[in-house]
Amino acid sequence: FFVAKAQAVDRQVRRDMIERSHPALSIGAQCRLLSISRSSFYHEPAGETDQNLGLMRLIDRQFLGTPFYGVRQMTWHLQNEGHGVNQKRIRRLMRRMRLMPIYQKPNTSKPRKGHKTYPYLLGGLRVDRPGQVWCADITYLPMRRGFLYLVAIMDWFTRKVLAWRISNTLEADFCVEALNEAIHRFGAPGIMNTDQGSQFTSFAWTDRLKRVGTRISMDGKGRCIDNVFIERLWRSLKYECVYLHAWETGSQAKAAIGSWITFYNHRRPHTAHGGLPPAVVYFNRIETDRQAQAVA
């Protein structure tokens, strides 16, 4: 049972299951039972240097303007700007930032080994009501002395941000927390669309969706345009909020992101809705549908 349970959960969860003061099992024995190496249990990842953090900020800005830049193009761009970098370094940083260039390799949003992927279900689908399709994605947030990751869950039809979370790691937990909040507040969607990142192919994420009857859709490899609406959200967020600040702490970033998302949902005019904010369109449509059902 112990081994079977270990195989069903992610590596970080398995690491957290290890008890340093277990009365019967040594740490080495627990690592073997949980199928992780003893060295990986003790390993503490080193932070990025100031130089690499600076490069990551430059990559992030450039990628918003040229999302088709792969590792080679991004390396050439930075070299032309006077930075002494090579492809190996840029590949590692782009992978850490979870950037997936359109039609370019390497594909930095990969499912974890053994994780199932799902077909793209939105091709030719007419999305005409709230809750029909949700989408989710993760983006990189630069800080003054580091970086964080932000996940957001959006209603495809209205573009309303339903839930979000910030994390300093790319484990699936913070994504599932946002998903649980969105489902609790707004009910389960018909379809959830994401990329093929390991957070969204994880058992915790896919099982939660299956248990509420949501169909799972995933973008094709190298096709971030399949999730275009949330990519536009990231662009607006970064130019209107993130790049205007140099946050020192996670709490500062969380407060600022929260304020901007409230502004985006409730006050920011949206072109797709003739100038109405997403939350206004969402709740107006929900109320209209409710009244129509009552009459019927």
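Which residue follows α8, and what is the sign of its phi? I began my reading of this predicted model at that point, and I found that the residue after α8 is G187, with a positive phi near 85 degrees.

**Entry 1: helix α8**

I then went back along the helix itself, which covers residues 173-186 and so counts 14 residues. From the first C-alpha to the last I noted a reach of 20 Å, close to the 20 Å expected at 1.5 Å a residue. I also listed the buried positions of α8, and these are F174, C175, V176, A178, L179, A182, I183 and F186.

**Entry 2: the chain as a whole**

Before going further I looked up the overall make-up, and the chain turns out to have 13 helices and 5 strands. Of its 296 residues, 48% are buried. I also checked how far along the sequence the contacts reach: taking those between residues at least 6 apart in sequence, 62% join residues at least 24 apart.

**Entry 3: the sheet**

Next I traced the strands, which form an open sheet of 5 strands in the order β3-β2-β1-β4-β5, with mixed pairing. At its edges I found β3 (161-167) and β5 (215-218), each of which pairs on one side only. From one strand to the next the twist averages 20 degrees.

I followed the pairings across the sheet, starting with β2 and β3, which run antiparallel and are joined by 6 bridges. There I noted that M154 has V161 of β3 as its bridge partner. Moving on to β1 and β4, I found a parallel pair joined by 3 bridges, in which V133 stands opposite I191 of β4. The pairing of β4 with β5 is likewise in the parallel sense, over 4 bridges, and here M192 stands opposite I216 of β5.

Which residues of β4 point one way, and which the other? In this strand, residues 191-194, I saw I191 and N193 pointing one way and M192 and T194 the other way, and all of them are buried.

**Entry 4: helix α5**

I turned to α5, residues 50-65, and tested its length: at 1.5 Å a residue its 16 residues should span 22 Å, and because its end C-alpha atoms are 24 Å apart, the expectation and the model agree. The buried residues I listed for this helix are N52, L53, L55, M56, I59, D60, Q62, F63 and L64.

What covers the buried residues of α5? Among the elements I found over them are the helices α6 (71-80), α7 (87-96) and α11 (228-240), together with the strands β1 (133-142) and β2 (147-155).

**Entry 5: the loop after α5**

In the loop between α5 and α6 I stopped at P67, which counts as partly exposed because its relative accessibility is 23%. Leaving aside residues up to four places away in sequence, I found that P67 touches P101 and I102. I also looked up its separation from M100, which is 33 residues away in sequence, while the two C-alpha atoms are 8.0 Å apart in space.

**Entry 6: aromatic rings**

I last went through the rings, and the structure holds 9 aromatic pairs. One of them joins F200 and W205 edge-to-face, at 4.9 Å centre to centre and with 65 degrees between the planes. F200 is buried, with a relative accessible area of 0%, and W205 is buried, also with a relative accessible area of 0%.

Why does the pair of Y239 and Y243 count as edge-to-face? I found the planes of the two rings at 85 degrees, with the centres 5.4 Å apart, so the pair falls in that class, for which the planes must be over 60 degrees apart. Y239 counts as partly exposed because its relative accessibility is 36%, whereas Y243 is buried, with a relative accessible area of 14%.

I also recorded one aromatic cluster, formed by Y140, F147 and Y149.

Two arginines lie over ring faces in my notes: R61 lies over the face of Y243, at 4.0 Å from the ring centre, and R159 lies over the face of F229, at 3.6 Å from the ring centre.

Notes
Residues are numbered from 1 along each chain as its sequence is written. This is a predicted model: local features need pLDDT of at least 70, side-chain atom pairs count only at pLDDT 80 or more; totals for chains, interfaces and linings use all residues. Side-chain values use heavy atoms; hydrogens and water are left out. Helices (H or I, at least four residues) and strands (E, at least two) are DSSP runs, numbered from the N terminus. The expected span of a helix is 1.5 Å times one less than its number of residues. Buried means under 20% relative accessible area, exposed over 50%, partly exposed in between (1.4 Å probe, protein chains only). Contact means heavy atoms within 4.5 Å. Rings of Phe, Tyr and Trp (its six-membered ring) pair if their centres lie within 6.5 Å; planes under 30 degrees apart count as stacked, over 60 as edge-to-face and the rest as tilted. A charge sits over a ring if NZ of Lys or CZ of Arg is within 6 Å of the ring centre and within 35 degrees of the ring normal. Two strands pair if DSSP finds at least two bridges between them. Axes are lines fitted to C-alpha atoms, for helices over the stretch in contact, and angles run from 0 to 180 degrees between N-to-C directions.
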